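Hi everyone, thanks for making time. I'd like to walk you through one structure today, so please have a look at the screen.

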Amino acid sequence: MSLSTHVLDTASGRPAANIALILRELRDGVWTQLAGGITDADGRCKTLLGNFPLDNATYELTFMTAPYFEAQGVVSLYPYIQIVFTIPDAAQHYHIPLLLTANGYTTYRGS
């Protein structure tokens, strides 16, 4: 199984670089941090998973957006964005993109 993400700033029409990410897993009602990273110049985080496989479980991707907008001198409504998702088939690839503006966001299962 693999997991990827891509962050696009839809207000600027550009990838969102330098956004810190945290990946957590929910087991027995407790969130455990598994990995993290920072988006590159293309808005992607190639180090998100580290060296371990994911299971059929519920996960949370947290995008630390406040520093990204502060660096641009933009006031943002969301200091961070948490996307919770369930992986029903760990053999598949899961792509969790984030379309971002200072006052809103959208996500979906990508390919």
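I'll start with the whole protein and then turn to one strand. Please keep in mind that this is a predicted model.

So, what elements do we have? The protein contains 1 helix and 8 strands. Reading from the N terminus, the order is β-β-β-β-β-α-β-β-β.

Next, the overall dimensions. The C-alpha trace spans about 40 × 25 × 20 Å along its principal axes. For 111 residues, a compact globule would have a radius of gyration near 13 Å, and the protein's 14 Å agrees with that. Of those 111 residues, 41% count as buried. Among contacts with a separation of 6 or more, 59% are between residues 24 or more positions apart.

On the outside, the accessible surface is about 6,000 Å², and carbon and sulfur atoms account for 53% of it. For those of you who think about charge, there are 6 positive and 9 negative side chains, with the centres of the two sets 6 Å apart.

Now to strand 1, residues 2-9. Why is this strand described as largely enclosed by the rest of the structure? Because 6 of its 8 residues are buried.

Which strands does strand 1 pair with? With strand 7, residues 93-101, it runs parallel, joined by 8 bridges; there, Val-7 has Leu-98 as its bridge partner. With strand 2, residues 14-15, the pairing is antiparallel, over 2 bridges, and Leu-8 stands opposite Pro-15. Strands 1 and 2 form a hairpin with 4 residues between them, and Gly-13 in the turn has a positive phi of about 75°.

That's my tour, and thanks for listening!

Key. Residues are numbered from 1 along each chain as its sequence is written. This is a predicted model: local features need pLDDT of at least 70, side-chain atom pairs count only at pLDDT 80 or more; totals for chains, interfaces and linings use all residues. Side-chain values use heavy atoms; hydrogens and water are left out. The radius of gyration is taken over C-alpha atoms; the globule rule is 2.2 Å times the number of residues to the power 0.38. Buried means under 20% relative accessible area, exposed over 50%, partly exposed in between (1.4 Å probe, protein chains only). Contact means heavy atoms within 4.5 Å. Accessible areas come from the Shrake-Rupley method with a 1.4 Å probe; for residues, only the protein chains shown count as cover. Lys and Arg count as positive and Asp and Glu as negative; His and the chain ends are not counted. The place of a charge is taken as NZ of Lys, CZ of Arg, CG of Asp or CD of Glu. Two strands pair if DSSP finds at least two bridges between them.
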